[in-house]
Amino acid sequence: GKWRRLERFEHGRDVSPEAVNAPDGKLVDRLRTIFDEGHGVELPDLLTDKQFAGRDPRPAAVLIPVTDRPEPGAILTQRPLDMRSHPGQVAFPGGKLDAGEDAVEAALREAHEELALDPSLVRVIGATDRYHTGTGFDVTPVLGVIPPDLPLVPNPGEVESWFEVPLSVLFDRSNYTENSTMWKGAERRYYEMHWEGYRIWGVTAAIIFNLSRRLDITESFGG
């Protein structure tokens, strides 16, 4: 199917000297419940850029790290402004799958490489609807819960900065505006939101939009 609950990475271990563990409380239980309920039906008209992509998309994955706090948020990154590919764009940590990896392994590895996020601190909830990008990637978003206020360290070669947006803001579709542009000879519609100087748009916004239709985030965590 398009999604699956993934258990084998759900393990926590003590990390010296703070003895931080992967979350395993009310937020994890709530997200698991609404994740399972939201993915129990087929949804038509999920956003995609598949019509702009080639025949053989390359598999990729991103991690959507949700912070385990009373008002949970999600961690996003901004790419360096001097990068050759997509400079300055906001994204979830992620990248192409290496040989022999599945989507969860790739998402956790990339988050570790980009932000020094210990994979053992991520409580994986599941993989949601894949997103086909117009640049030729087949992206699997992986939802996970992490302890709050971790000392994340951006890899300067891949990440300019990172920031956290409350889920109640990020997954509220009314906070986004719909725009369009001509791309590869056709009209491409996209969504965007501005948050504290960051522009969340394109593929990242589309992944959020699709997942927001699966999860009852704004009602569950809106206050």
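A residue counts as buried when its relative accessible area is under 20%, as exposed when that area is over 50%, and as partly exposed in between. In this predicted model, Glu 164 has a relative accessible area of 24% and is therefore partly exposed. The side chain of Glu 164 meets that of Arg 69 in a salt bridge, with 3.0 Å from N to O. Because Glu 164 lies in strand E8 and Arg 69 in the loop between E1 and E2, the pair ties together parts that are 95 residues apart in sequence. Arg 69, with a relative accessible area of 24%, is likewise partly exposed.

The strand that carries Glu 164 can be followed further. In a regular strand, side chains alternate between the two faces of the sheet. Strand E8, residues 161–166, shows this alternation: Ser 161, Phe 163 and Val 165 point to one face and are buried, whereas Trp 162, Glu 164 and Pro 166 point to the other face and are not buried. Strand E8 is joined by 6 bridges to strand E2, residues 73–78, and the two run antiparallel; in this pairing, Leu 76 stands opposite Phe 163.

Salt bridges also occur elsewhere, and the count for the model comes to 10. One of them joins Arg 214 and Asp 129, whose side chains meet at 2.8 Å, N to O. Since Arg 214 lies in helix H4 and Asp 129 in the loop between strand E5 (123–127) and strand E6 (131–132), this pair ties together parts that are 85 residues apart in sequence. Arg 214 counts as buried because its relative accessibility is 5%, and Asp 129 counts as buried because its relative accessibility is 5%. Arg 214 can also be related to Gly 40, which is 174 residues away along the chain, although the C-alpha atoms of the two are separated by 8.9 Å. Gly 40 lies in the loop between helix H1 (26–38) and strand E1 (58–67), and at 59% relative accessibility it counts as exposed.

A salt bridge within one helix is that of Arg 109 with Glu 113, where the closest N and O atoms are 3.2 Å apart. These two residues are separated by about one helical turn, because they are 4 residues apart in helix H2, residues 103–115. Arg 109 counts as buried at 17% relative accessibility, while Glu 113, at 34%, counts as partly exposed. Both belong to a network of salt bridges that links Asp 98, Glu 101, Arg 109, Glu 110 and Glu 113.

The aromatic rings offer another view, with 4 aromatic pairs found in the whole structure. Tyr 190 and Trp 201 form an edge-to-face pair, 5.2 Å centre to centre and with 70° between the planes. Tyr 190 lies in strand E10 (residues 186–195) and Trp 201 in strand E11 (residues 198–201), so the pair ties together parts that are 11 residues apart in sequence. Tyr 191 and Phe 209, by contrast, form a stacked pair, 4.0 Å centre to centre with 25° between the planes. Because Tyr 191 lies in strand E10 and Phe 209 in helix H4 (residues 202–214), this pair ties together parts that are 18 residues apart in sequence. Tyr 191 and Phe 209 are both buried, and with Tyr 176 they form one aromatic cluster. Charged groups meet rings as well: the charged end of Arg 199 sits over the ring of Trp 201, 4.1 Å from its centre, and Arg 58 lies over the face of Phe 137, at 4.2 Å from the ring centre.

Conventions
Residues are numbered from 1 along each chain as its sequence is written. This is a predicted model: local features need pLDDT of at least 70, side-chain atom pairs count only at pLDDT 80 or more; totals for chains, interfaces and linings use all residues. Side-chain values use heavy atoms; hydrogens and water are left out. Buried means under 20% relative accessible area, exposed over 50%, partly exposed in between (1.4 Å probe, protein chains only). Two strands pair if DSSP finds at least two bridges between them. Rings of Phe, Tyr and Trp (its six-membered ring) pair if their centres lie within 6.5 Å; planes under 30 degrees apart count as stacked, over 60 as edge-to-face and the rest as tilted. A charge sits over a ring if NZ of Lys or CZ of Arg is within 6 Å of the ring centre and within 35 degrees of the ring normal. A salt bridge is a side-chain nitrogen of Lys or Arg within 4 Å of a carboxyl oxygen of Asp or Glu.
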